[in-house]
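Me: Please go through some local features of the structure shown below, one at a time.

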Protein chains: 2
Amino acid sequence: MPVFLNAEDADFEASFTTLLGAKREDSPDVDRVVADIIADVRARGDAALIELTARFDRMALSVDELRFSDAEIDALVAEVPAEERAALERAAARIRAYHERQMPADESWTDAQGAMLGWRWTPVSAAGLYVPGGLASYPSSVLMNAIPAKVAGVGRLAITVPTPDGQANPLVLLAARLAGVDEVYRIGGAQAIAALAYGTETVAPVDKITGPGNAFVAAAKRRVFGKVGIDMIAGPSEILVIADGSSNPDWIALDMLSQAEHDESAQSILITDDADLAKAVSVSIDQHLQTLERREIAGASWRDYGAVIVVPDLDRAAELSNRVAPEHLELCIADADALADRITHAGAIFLGAWTPEAIGDYVGGPNHVLPTARSARFSSGLSVMDFVKRTTLTRMTPAALKAIGPAAETLAKSESLQAHGLSVRARLDHLND
Amino acid sequence: MPVFLNAEDADFEASFTTLLGAKREDSPDVDRVVADIIADVRARGDAALIELTARFDRMALSVDELRFSDAEIDALVAEVPAEERAALERAAARIRAYHERQMPADESWTDAQGAMLGWRWTPVSAAGLYVPGGLASYPSSVLMNAIPAKVAGVGRLAITVPTPDGQANPLVLLAARLAGVDEVYRIGGAQAIAALAYGTETVAPVDKITGPGNAFVAAAKRRVFGKVGIDMIAGPSEILVIADGSSNPDWIALDMLSQAEHDESAQSILITDDADLAKAVSVSIDQHLQTLERREIAGASWRDYGAVIVVPDLDRAAELSNRVAPEHLELCIADADALADRITHAGAIFLGAWTPEAIGDYVGGPNHVLPTARSARFSSGLSVMDFVKRTTLTRMTPAALKAIGPAAETLAKSESLQAHGLSVRARLDHLND
């Protein structure tokens with residue numbers, strides 16, 4: 001049974017805190033296995049990749065087959081029906097247009113002392129994108145990871161995607177091509193992360209690895225962090241819908257189920273000031289759960305982690321939502337803009353009844369890789385910023401050094417860092433000669 | 001002996017690769033101890049903090065003494081001599097002015113389909129800053145961490161700083177006050193990180209933790225990551241100086257020693273196209289190592305990790321520097337701007353002979369918390385961006401949904417996510433009714 005709460009009940013605070021603290025993810029301890037796999041790939045390179053791929057993906061690959069050839073990609077891409085190709089092209093164009101606006105600007109200026117200050121942004125040279133195989137092999141995720149990298153100017157973008165039993169997803173390869181991916185490898189699991197981080201004879205190492213994966217992939221990303229950059233480790237998906245009495249309960253039910261169907265650990269929460277709507281949404285969810293293709297997954301998610309909260313007013317809804325800090329927040333209310341101004345923590349906001357969250361998964365334009373598990377309190381979704389880095393710039397003139405150098409000398413002395421002070425003093429003495 | 005290399009020697013590539021791969025940091029395995037400390041603080045709160053502080057810092061504190069009172073801070077701040085106060089104020093003002101320019105802008109626009117798209121930045125609600133005690137208790141680091149947080153709009157900023165044997169650094173408290181820090185606690189080590197992440201009766205939990213620390217602090221930060229955000233785990237400091245024959249060898253020597261004196265694991269590298277300069281710098285370093293206060297530390301760093309590389313021309317210097325991706329890069333050459341344009345990976349660049357790196361440690365304005373251990377390939381120094389997060393915005397209109405909704409439906413179907421498609425279809429059907 002999902003949780004039904006009323007914010008005016010005496011025990012609400014305790015129940016809400018329990019809801020916030022619920023652990024939705026089992027993290028099997030695969031760290032030792034992953035450490036061995038990484039060590040093996042570092043030691044034996046391609047040979048280890050081939051052996052591990054044979055074992056885990058039941059694929060006998062030669063060294064030449066580790067990477068998809070252009071001809072192989074051409075052949076697979078040609079299988080994609082026209083309607084799906086057009087939809088993917090539309091999505092790619094919209095995602096690219098959105099992310100192009102994220103490119104940060106270089107800055108430089110001269111201050112009152114004559115010092116030039118500023119910063120410059122440069123792209124990561126090479127990035128790797130992990131794409132899961134099998135059921136969770138989503139072409140939309142390829143676009144969402146690869147397009148920001150290419151917009152940022154990443155020179156070399158490699159994808160690894162396991163092809164268990166030889167099954168490759170033509171849409172994934174089309175998405176890679178539309179996004180401008182440079183290399184695609186038929187490898188997966190911790191071995192793919194090891195190859196991207198450390199390189200093998202066939203796979204050149206990258207500087208940053210992004211993309212979702214199972215527990216082995218997540219553990220491998222944690223292990224190679226430092227050697228390369230990684231994106232966040234994503235948890236199960238989640239949606240919070242704030243709705244008022246004007247909402248269509250069936251739409252809200254479907255929006256909530258569109259998160260629930262992702263994963264048994266997904267979470268869907270409705271907060272409303274209308275008890276009748278709460279009931280109607282709940283009834284509609286139960287009806288859809290009779291027929292939905294992924295009803296077993298969605299049903300388990302709704303039963304174990306679903307929640308409906310009735311509040312006296314929408315201000316309270318915003319306050320509770322900020323405590324949840326949801327990955328996806330839908331504001332299905334009359335004045336969505338006004339309430340959006342009160343939202344301080346959310347990965348993405350979907351404004352108004354005509355904006356189902358699923359639009360954001362595919363074609364809206366914003367990224368669908370978003371902070372989960374309340375991490376929107378301190379982190380952001382994937383963006384161009386994840387593929388660029390800032391170099392700060394400083395240039396002193398003799399006059400500027402005369403003006404501010406003595407303060408640096410004083411502070412160096414107070415921190416007992418003599419050479420720091422001397423490096424400034426030697427120049428100041430030269431000016432005073 | 002530091003390494004002396006010539007880029008035109010036959011074995012240069014092998015030697016340079018060895019230099020790049022040198023591991024400069026011992027990470028003692030303190031993870032189990034840290035896990036126990038965190039569990040203890042979570043279970044027993046203030047009582048655990050008091051007990052651990054008694055054990056590690058030899059301080060008997062009451063609950064009321066865990067936090068510095070305003071009067072205690074006033075009294076300590078009053079001890080700071082006028083010259084040091086003025087220097088710290090100057091540094092704070094310059095750091096604030098630089099970081100205020102980093103505040104990112106909100107954006108929103110309406111696209112050709114009538115969809116409103118954009119994003120909003122919001123600050124982290126509460127942040128904690130770890131400040132080491134004892135020798136490495138640097139007031140400059142307090143400014144560099146706290147000012148970006150306050151510029152970002154962080155509502156509540158707490159500092160933890162251990163006071164072993166009751167020793168507090170008045171300059172650290174002055175820096176905290178100048179930066180607008182709200183709370184200062186007399187705790188340190190893994191127990192301080194645990195208190196910031198999980199909260200105790202006295203310390204309210206924060207959402208993000210930054211600041212340097214020893215192996216225990218670093219391990220604790222890794223452990224609480226996910227529950228809260230953390231900054232990078234900083235490694236030993238490093239400088240790479242590119243200098244030509246116009247350089248003053250004594251200035252270069254002091255700049256290199258100003259990194260070496262930080263830590264026995266620090267690294268100073270000189271790359272020059274002038275073999276005579278290489279020799280002169282080396283001689284000057286050896287001379288200063290006779291008298292420098294921290295000569296034991298600086299000498300060990302120079303002996304174990306120092307390097308001098310002679311190159312045929314400055315293009316080669318830029319190329320090698322990009323492979324190092326240094327934390328600090330000084331360009332002590334005639335045309336520093338031209339070479340800076342060829343630098344793709346560096347935490348901070350110091351342009352020209354009048355810009356010793358030490359200026360950047362204190363009063364330049366840019367942040368001195370910078371990526372180490374070659375991580376400038378994929379990450380940036382601390383900034384206002386570390387204390388804000390982006391929420392993406394999407395609002396569809398009926399017309400926009402009609403235009404792009406069908407593409408979302410198609411992609412949802414191809415990913416076998418039926419409820420995603422239905423959530424769009426239900427709205428489109430309503431429009432077509």
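The turns below take up a helix, a strand and a loop residue in what is a predicted model.

Me: How far apart are the end C-alpha atoms of helix α5 (residues 82-100) of chain B?

Reply: Helix α5(B) has 19 residues, and at 1.5 Å a residue these should span 27 Å. The end-to-end distance in the model agrees with that expectation. The end C-alpha atoms of α5(B) are apart by 27 Å.

Me: Which strand of chain B pairs with strand β13 (residues 348-351) of chain A?

Reply: Within chain A, β13(A) pairs with strand β12 (residues 328-332) in the parallel sense over four bridges, and Leu331(A) stands opposite Leu351(A). In chain B the partner also runs parallel to β13(A), joined by three bridges. Ala348(A) stands opposite Thr392(B) there. The partner in chain B is strand β14 (residues 388-395).

Me: Which residues of β13(A) cover the side opposite to Ala348(A) and Phe350(A)?

Reply: In a regular strand, side chains alternate between the two faces of the sheet. Both faces of β13(A) are covered, and Ala348(A) and Phe350(A), on one side, are buried. On the other side, also buried, are Ile349(A) and Leu351(A).

Me: Is Glu327(B) buried or exposed?

Reply: Glu327(B) lies in the loop between α13 (314-324) and β12 (328-332) of chain B. Its contacts beyond four places in sequence include Pro236(B), Gly347(B) and His368(B). Its relative accessibility is 5%, and the cut-off is under 20%, so Glu327(B) counts as buried.

Me: Which side chain makes a polar contact of 3.2 Å with that of Glu327(B)?

Reply: Pro236(B), Ser237(B) and Glu238(B) are among the residues in contact with Glu327(B). The side chain joined to that of Glu327(B) by the 3.2 Å polar contact belongs to Ser237(B).

Technical notes: Residues numbered from 1 in each chain as written. Chains lettered and ligands numbered in written order. Predicted model: local features only at pLDDT ≥ 70, side-chain atom pairs only at ≥ 80, totals over all residues. Heavy atoms only, no water. Helix = DSSP H or I, 4+ residues; strand = E, 2+ residues; numbered from the N terminus. Expected span 1.5 Å × (residues − 1). Buried < 20%, exposed > 50% of the residue type's maximum accessible area, 1.4 Å probe, protein only. Pairing = 2+ DSSP bridges. Polar contact = N/O pair within 3.5 Å; in protein donor to acceptor, adjacent residues only side chain to side chain. Contact = heavy atoms within 4.5 Å.
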